[in-house]
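Student: I would like to go through this structure with you and ask, for each label, what justifies it. Could we take it step by step?

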Amino acid sequence: MSKTSNTGKMEKDYDCILNLDFDRRNQIPFTTADDFIFTDNRKSELLDGVWGFTPDVFQTVTRKQLFSASNRDEQHRYVPMDMDFSEMEKVQVPGCWNCIRDQYWYYEGDAVYSRTFLYKSEKAQERVFLRIGAANYECRVWLNGKLIARHQGGFTPFYAELDAIRLIHKNHLVITVNNRREREQIPSMNYDWFNYGGITRSLELFRVPQIFIKDFSCHLIPDSDFEKIEMKVCLSTAIAGQNCQFSIPELGIDELAVTTENGEATVSVPAHPELWSPETPRLYNISVSSGEDFVEDQVGFREIKIQGKKILLNGKEIFLKGVCCHEESKNGGRTLSDEERMEIINTAKEMGCNALRLAHYPHSERMSRLADQHGMLLWEEIPVYWAIDFMNETTFADAQNQMRELIKRDKNRASVIIWSVGNENPDTEARLSFMKCLAETCKADDPARPVSAACLVDVDTMSVKDRLAEFIDIVSFNQYYGWYYRDYEGVSEILKNSTINKPLVITETGAGAKTGHHGGTEELFTEEHQDKVYQKQIEYTTGKLQGFFPWILFDFISPIRKHPMQGGKNSKGLVDMDKKTKKKAFYTMQNYYEKR
Ligand code: GCU
């Protein structure tokens, strides 16, 4: 081809096969917690349902930009296409592709979802936002061929504005999700749960006015003798002088405030709410209107406080009768129904629990909603889990953003009492500064809740000696004496050697047991051995802790559990993976919690 006729066609037509860095153009900035929009109880159009789907091992769809490619040339002749979006496999969204068919079970990589939706504006100048509840891990959104959003982190919601100019009558949404594990991610390469991929939680469209209520928070002011409530609103635009009408009808509260130049307004009003607790999960309808916008929520008012070694709920000392759980459905992977969430809450209640540790990543917001309604305290955590690239700034930014997105999402939930910045990490300098900063982020974004982390025991000194303890409010540790270490007494020695002047909580203990496998109390994987481990744990820890969380409520799938007695599952559940069959130790724990 002669120099004079350089139409750039060569570059354009061969880009998809010759451009090693084809994906650079898609590396738009990630949406973050700053893009959060208060959408609870807002009217929405659900985009859940049947979507086109395909695994895209070679990223062909984005490499060739097939979502905007035309199947005709300049002379309108048909040209061969490598994709027909209307002919894609049909799958249910939200869902995990691993559960669609056996071939996809171990698939880790890129996948493409596609659907069209009709749009007709309802109000002049309305703005339209897409909210994706969660997509594991990195997610990109294309609207009518344009990349409009990119997010990382598999367990928190994100938002994309579908700007009006791009919205047409029939819109084509293409969403790519990539769950490939990467060293710099949160979590990183190795963890004890299954790496389900896909759009795992609901997608919704929200219509809001030009200036809308971007955030709304409400809580009992700490140390106010439970008699003062603060409500705060943040508008989408930094505008002063905008009226905001706050209301809690059942408490006779109807308060006007005016925004300051940053578009925020706050009121703190005297009130005598019935306090929220697991026994009395009292919720109040609250709302705020401003300009053309109006939002509402149902919140409980409670105070959680640390006093020396005590955890106080509404001024009274509380012992966390807990259990850990993963977010795993019998058939749906990480996508649960409310019935399945209630199965977790009800089984924990049946065991006598007042608290659930949602391990090791943010579970769906539906869980904290239901815990608010049914009275269950929640420990919420981000997956800074085991080995993490602690020196890497992008890793820290990812972790901090996941934490901030979680706090934004669940800040109004009375049931959520503890933010956890991670689980079982090495006590190195890099990790200490990484997690210390995460703890500070929690305090900055939400000063009213205690922060914790599940720390490792220092087996050299047989004590809880983690330097992170200084920067968290509740010191928690995981130990498996009787299982990984066969001497049951280990935990008693640790408690004897540990000098922590803060609440001390065991966030994990337990043993594997194959459901229905019976034998001697020293025979691994028998229900009798698991039960003995719990009897010993109870014997050695009673009266020395402020909380206890068995690992784990239900057996769960784990790619790192290869022993025939495990069969690809972590069998430390007190209940089988069928979520029904209880093991012996379940009753030992039930008996213990009933007495507490
Ligand atoms: C660790 C870890 C869990 C894991 C458990 C186990 O403590 O935090 O995620 O499943 O141990 O070994 O079973």
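Tutor: What follows is a set of questions about the labels used for this structure, which is a predicted model.

Student: Let us begin with burial; why is His326 called buried?

Tutor: Buried means under 20% relative accessible area, and His326 has a relative accessible area of 6%, so His326 counts as buried. The residue belongs to the loop between β23 (320-325) and α3 (338-350).

Student: What makes the pairing of His326 with Tyr361 a polar contact?

Tutor: A polar contact needs a pair of N or O atoms within 3.5 Å. The side chains of His326 and Tyr361 are joined at 2.8 Å, therefore the pair falls within that limit. The side chain of His326 also has a polar atom 3.3 Å from the backbone oxygen of Ala359.

Student: Why is Glu522 called partly exposed?

Tutor: The label partly exposed covers what lies between buried, under 20%, and exposed, over 50%. Glu522 has a relative accessible area of 39%, so the label partly exposed applies to Glu522. Glu522 sits in the loop between β29 and α8 (527-541), and its C-alpha is 8.4 Å from that of Lys532, with the two positions 10 residues apart in sequence numbering.

Student: Turning to charged pairs, how do you know that Lys232 and Glu264 form a salt bridge?

Tutor: The criterion is a side-chain nitrogen of Lys or Arg within 4 Å of a carboxyl oxygen of Asp or Glu. For Lys232 and Glu264 the N to O distance is 3.8 Å, so the pair qualifies. This salt bridge links distant parts of the chain, since Lys232 is in strand β14 (residues 228-235) and Glu264 in strand β17 (residues 264-270), 32 residues apart.

Student: Why are Lys232 and Glu264 described as partly exposed?

Tutor: Lys232 has 33% relative accessibility and Glu264 has 25%; partly exposed is the range between under 20% and over 50%, so both residues receive that label.

Student: What makes Asp297 and Arg413 a salt bridge, and are these residues buried or exposed?

Tutor: The side chains of Asp297 and Arg413 meet at 3.2 Å, N to O, and the limit is 4 Å, so the pair is a salt bridge. The pair joins distant parts of the chain, with Asp297 in strand β19 (residues 293-299) and Arg413 in the loop between α5 (393-410) and β26 (416-423), 116 residues apart. Asp297 and Arg413 are both buried. They also belong to a network of salt bridges that links Asp40, Asp297, Arg369, Asp372 and Arg413.

Student: How do you know that Lys465 and Asp458 meet in a salt bridge, and why is Lys465 called partly exposed?

Tutor: Their N to O distance is 3.8 Å and the cut-off is 4 Å, so Lys465 and Asp458 meet the criterion. Lys465 has 47% relative accessibility, and exposed would require over 50%, so Lys465 counts as partly exposed. In total, the structure holds 56 salt bridges.

Student: How do you know that β28 and β29 are paired?

Tutor: Two strands pair if there are at least two bridges between them. Strand β28 (residues 474-478) and strand β29 (residues 504-508) have 4 bridges in the parallel sense, so they count as paired. Asn478 stands opposite Glu508 in β29. Both strands take part in a closed barrel of 8 strands with parallel pairing, which runs β23-β24-β25-β26-β27-β28-β29-β30.

Student: And what makes β21 and β22 a pair?

Tutor: β21 and strand β22 (residues 316-317) are joined over 2 bridges in the antiparallel sense, and at least two are required, so the pair qualifies. Leu313 has Lys316 as its bridge partner in β22. The hairpin of β21 and β22 has 2 residues between the strands, and Asn314 takes a positive phi near 55° there.

Student: Finally, what makes the contact between Asp192 and the ligand a polar one?

Tutor: An N or O atom in the side chain of Asp192 is 2.5 Å from an oxygen atom of the ligand, and the limit is 3.5 Å, so this is a polar contact. Asn423 has a polar side-chain atom 2.8 Å from a ligand oxygen, and for the side chain of Arg561 the distance is 3.0 Å. The protein covers 97% of the 310 Å² of accessible area that the ligand has on its own.

Terms used:
Residues numbered from 1 in each chain as written. Predicted model: local features only at pLDDT ≥ 70, side-chain atom pairs only at ≥ 80, totals over all residues. Heavy atoms only, no water. Polar contact = N/O pair within 3.5 Å; in protein donor to acceptor, adjacent residues only side chain to side chain. Areas by Shrake-Rupley, 256 points an atom, 1.4 Å probe, with all protein chains shown as cover. Buried < 20%, exposed > 50% of the residue type's maximum accessible area, 1.4 Å probe, protein only.
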